[in-house]
Amino acid sequence: MAFLDNSGDIILDAVLTDVGRERLAKGDGSFKITQFALGDEEIDYSLYDPEHANGSAYYDLNILQLPVLEALTDNAAGLKTKLITVSNNNLLYLPLIQLNEVFGGDQTARHGDGVFAIAVDETTEKKFTPGTHLVDYGENINQSAKYIRLDQGLDTTTLSPSMALPGDLTETQYIVEVDHRFCELYSSDCQERASISFIDDDNIATYYLSLGANSKFVFENNVTAASVATQVVDGPRGTIFQFKLKASLELNDSTSLFTELGNVKTLTDIGGTSTYYYIDSYIRVMGATTGYRVDVPVRFVKLKAD
Amino acid sequence: MATVYKNFLSSDVVNTRTLLHEAIPVTGSLVSGTYGPSDVALGSEPHIKTYSHGMFESVYDYPFLSSSANHIFDITCGYAGTSALSGASNTQNSKKISIYNQMAQVLMGYDHTGTIRLFDQDGDITSGTKMKECYFMNFSRLLVKDEIKKGTFALELGVVPAFTETGDCLAKRIKLTDSSGSNGYFVNSPAGEYGILFAQTTDDGDATLSTAQLHEETITSQVSIATSHKAAGLIFYQAGIAVISGSVFNANDTHDGLLDNAVDTLILGGKTAGNHGFDTITGSTVAVMANGLRNRVYDLQFDNTTELNSAIHFCRVNHNEFNYSANPTYLNGSKIRVKGNNRKNLPVSYITSVGLYSADRELLAVAKLSEPLKKDPTTELTLKVRLDY
């Protein structure tokens with residue numbers, strides 16, 4: 001009788017992220033590892049072939065041959081996609097989070113350039129009509145009805161939206177990461193400013209917004225009718241997360257960040273066209289329950305010359 | 001409730017300590033020969049850094065103006081104020097006393113009256129022979145790391161009396177080690193543990209080792225007998241400093257040194273410094289003395305030690321955990337690709353990385369697998385993630 005191969009212990013060497021090193025240096029006890037998550041960002045699941053003619057051993061052959069990259073030490077760049085624990089093994093569908101640009105027509109639509117454009121000061125705001133030019137106001141945010149909305153749920157026509165999304169798949173908390181140099185998060189009615197949980201070494205501010213506690217940001221989607229023009233999730237619907245962006249003082253007062261991080265572009269405005277500084281960034285929205293993540297493209301614009 | 005994080009239990013984390021050792025071989029040609037041909041003046045070699053204060057000389061493994069150069073050690077020398085060699089008319093007299101005192105106060109400390117202790121030959125600081133004239137080799141932290149591994153230090157020196165830069169002075173050699181004949185190490189130094197360096201002949205210039213180069217040394221069957229090895233210095237393991245007694249370079253009959261009378265006292269201070277062994281120090285600068293030692297180094301080696309403290313986190317992945325993914329490619333619409341069209345098929349995911357998080361879910365550390373690891377409800381895994389400090 002041969003020995004069993006016990007060489008399969010998987011020992012991994014971890015590297016500290018920049019935030020890990022920063023917290024370790026602080027020495028204030030904030031460096032304390034309490035939990036773990038598993039990631040699979042290198043995996044392209046479209047390579048999985050459950051119909052492979054040679055049988056199940058070949059279903060994931062292409063996936064298992066994928067190379068894996070070394071660890072990134074940027075805390076924001078590590079573990080971009082996570083594995084999920086769900087007790088039910090018989091799920092055929094998982095919820096996702098989608099931008100809803102159709103709910104409010106021009107109010108929720110992106111700019112023609114494919115981004116959510118934000119005018120960072122009043123001078124720039126006066127160059128745009130939000131509903132016409134699809135540019136939101138970043139200084140006088142209550143003067144524009146535009147906002148960004150994301151819907152969560154099962155996007156399938158196989159299941160009726162009248163069915164309730166299972167509780168364990170309903171997103172109850174959204175984690176939002178925003179470059180704090182550029183903007184802050186407000187509720188879509190401009191009445192509530194979201195509280196920042198922490199700002200990391202790269203100036204990325206993290207917000208935790210929950211169903212119930214942040215009712216102006218996160219609420220249930222009660223629309224159960226199918227094929228509604230205002231909905232982007234065709235199946236059972238979960239929660240809605242919506243917000244506005246207020247430009248930072250730094251963008252409002254100065255062009256330094258624009259010249260350092262941005263570029264110049266001609267945009268169509270009230271007077272025809274003008275030249276604008278712009279910075280492209282994104283708002284990262286992640287479901288705390290399901291781990292699903294969406295990067296919302298945003299562009300901050302500032303008038304350079306008429 | 002779906003979740004993407006799993007908390008560690010207290011039993012999931014264990015702390016370990018590992019000692020890593022690296023062999024550090026420094027050949028003598030690197031110290032003296034490679035960048036120092038005989039047409040370059042001693043001390044002017046591009047890998048030797050001298051200072052206007054003249055207190056020590058630095059040795060690099062490459063011309064030190066290059067960014068590729070690594071500092072490997074410093075050489076200096078000195079004597080106690082009570083040494084017979086001390087004299088007001090000596091070259092750099094006060095500096096040599098200062099260096100000795102500085103090294104002694106750091107490495108040997110003070111007695112109960114606050115007086116600096118002298119370097120002791122046998123580690124018994126209450127009595128015995130004191131080493132009042134010494135060379136000091138201060139090794140770079142880059143090489144030593146946390147400490148020199150005990151029993152691995154070996155410094156081989158050429159003992160042909162005449163001084164040359166061509167390597168001829170290395171034809172006969174002795175070796176100073178902290179292993180052969182060593183009786184362990186001492187802990188009565190404020191700078192950590194130290195051991196005694198013992199001298200032995202390694203080459204008498206013949207094909208067969210038969211002639212002892214050291215006084216009262218016994219060689220039997222071409223082997224220097226350990227019991228005949230004499231103390232020649234100290235090696236401070238944590239400090240990374242070798243203290244070499246000046247007596248190593250002196251003959252026994254005329255200077256009460258370690259060398260056999262037939263070998264005679266060496267020329268140390270350069271081609272024209274005269275035949276005075278370590279006594280050369282009275283009329284030579286520290287730099288000249290350093291060059292003298294450097295050009296007699298045949299070989300130098302030791303193992304360093306790095307103390308690695310690790311926290312091993314056992315990431316226990318149960319059969320019913322982490323079987324689904326939030327990877328956007330996992331879904332086609334909302335349908336799970338790996339299920340085909342059959343909800344009874346088991347979910348499958350592939351692990352490529354492990355993230356360690358704080359309670360407020362900040363990513364503190366990341367570990368990567370070398371290849372994707374399949375996870376489904378029929379498998380359980382324990383991933384041991386090691387974080388070194």
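In this predicted model, both B:Tyr194 and B:Phe236 are buried. Their ring centres lie 4.9 Å apart with the planes at 25°, so the two rings count as a stacked pair. The contact joins distant parts of the chain, since B:Tyr194 belongs to strand β13 (residues 192-203) of chain B and B:Phe236 to strand β16 (residues 230-236) of chain B, 42 residues apart. Both residues also belong to one aromatic cluster, whose other members are B:Tyr100, B:Phe119, B:Phe136 and B:Phe186.

B:Tyr100 leads to helix α2 of chain B, which covers residues 93-107. The 15 residues of this helix reach 21 Å from the first C-alpha to the last, close to the 21 Å expected at 1.5 Å a residue. Among its buried residues are B:Tyr100, B:Ile97, B:Met103, B:Ala104 and B:Leu107. Viewed down the axis of α2(B), the buried residues fall within an arc of 160°, so they line one face of the helix. In general, an α-helix has 3.6 residues a turn, so residues three or four places apart point the same way. After α2(B) comes B:Gly109, with a positive phi near 80°.

Across all chains, a search of the whole structure finds 26 aromatic pairs. One of them, formed by A:Phe182 and A:Phe300, is tilted, with 5.6 Å from centre to centre and 50° between the planes. A:Phe182 sits in the loop between β8 (173-179) and β9 (183-186) of chain A, whereas A:Phe300 lies in strand β16 (residues 293-305) of chain A, 118 residues apart. A:Phe182 counts as buried at 3% relative accessibility, and A:Phe300 is buried at 1%.

Charged side chains also meet aromatic rings: A:Arg299 lies over the face of A:Tyr278, 4.5 Å from the ring centre, and B:Lys150 lies over the face of B:Tyr237, at 5.4 Å.

Terms used
Residues are numbered from 1 along each chain as its sequence is written. Chains are lettered from A and ligands numbered from 1 in the order in which they are written. This is a predicted model: local features need pLDDT of at least 70, side-chain atom pairs count only at pLDDT 80 or more; totals for chains, interfaces and linings use all residues. Side-chain values use heavy atoms; hydrogens and water are left out. Helices (H or I, at least four residues) and strands (E, at least two) are DSSP runs, numbered from the N terminus. The expected span of a helix is 1.5 Å times one less than its number of residues. Buried means under 20% relative accessible area, exposed over 50%, partly exposed in between (1.4 Å probe, protein chains only). The arc is that of the directions from the helix axis to the C-beta atoms. Rings of Phe, Tyr and Trp (its six-membered ring) pair if their centres lie within 6.5 Å; planes under 30 degrees apart count as stacked, over 60 as edge-to-face and the rest as tilted. A charge sits over a ring if NZ of Lys or CZ of Arg is within 6 Å of the ring centre and within 35 degrees of the ring normal.
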